[in-house]
Amino acid sequence: MKYLKVFTDFAATLEPLSEAEIGRLFMAMLKYAETSELPDLRGNERIIWPTAKLHIDREAVFLDKQKQNGTQGGRPKTQPNPNEPIETQISQKDKDKDKYKDNDSITTYYSAVINYLNQVCGTAYKASS
């Protein structure tokens, strides 16, 4: 790897360490990221090393996968479907929409609905346009 990715929340993990231990840990992380050589840590930094190593290894796997995808040309381009789209069934709601497309049909439909409601409810409303 040519770089070392370290998130800012890693600072909370480093709080118990002295500046010398943090320095040794970071140098070990840099060397491991570049050469995969395991360090010989003897201070308190050795306690945090497994977590740091895990993050470096995960990032290396991710970068390898990204590199491999890049050599394949990236994301494949979408190609138009050569087959005609499959027609779906027309629902009853769509059939009703088609039935009352023109204005005269709509007025007739509303008049019929109002007449029906007048009969059922015993009212005398009139259709208006």
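How much area does the protein expose, and what share of it do carbon and sulfur atoms supply? The protein exposes about 11,300 Å², and carbon and sulfur atoms supply 53% of it, with accessible areas coming from the Shrake-Rupley method with a 1.4 Å probe, where for residues only the protein chains shown count as cover.

This is a predicted model, in which local features need pLDDT of at least 70 and side-chain atom pairs count only at pLDDT 80 or more, while totals for chains, interfaces and linings use all residues. Residues are numbered from 1 along each chain as its sequence is written, and side-chain values use heavy atoms, with hydrogens and water left out.

Begin with the whole chain in cartoon view, where the protein has five helices and zero strands; helices (H or I, at least four residues) and strands (E, at least two) are DSSP runs, numbered from the N terminus. Of the 129 residues, 15% are buried, where buried means under 20% relative accessible area, exposed over 50%, and partly exposed in between (1.4 Å probe, protein chains only).

Next, select Phe10, Leu14, Leu25, Met29, Ile48, Trp49 and Ile56, which have the most contacts inside the largest nonpolar core, a group of 14 residues. Such a core is a set of buried Ala, Val, Leu, Ile, Met, Phe, Trp, Tyr and Cys residues joined through side-chain atoms within 4.5 Å. The elements giving two or more residues to this core are α1 (10–14), α2 (19–35) and α3 (45–71), and α2 gives the most, with five residues. Centre on Ile56, which, leaving aside neighbours within four places in sequence, is in contact (heavy atoms within 4.5 Å) with Met1, Leu4, Met29, Tyr32 and Ala33.

Now select α2 alone and colour Glu21, Leu25, Ala28, Met29, Tyr32 and Ala33, which are buried. Seen down the axis of α2, its buried residues fall within an arc of 130° (taken from the directions from the helix axis to the C-beta atoms), so they line one face of the helix. On the other side of α2, Glu19, Met27 and Glu34 are exposed, whereas the cover over its buried residues includes α1 and α3. Just after α2, Ser36 takes a positive phi of about 65°.

Finally, move to Asn118 in helix α5 (residues 103–121), which counts as buried because its relative accessibility is 10%. The side chains of Asn118 and Thr123 are joined by a polar contact of 2.6 Å, that is, a pair of N or O atoms within 3.5 Å; within protein, one must be able to donate a hydrogen and the other to accept it, and residues adjacent in sequence count only if both atoms are side-chain atoms.
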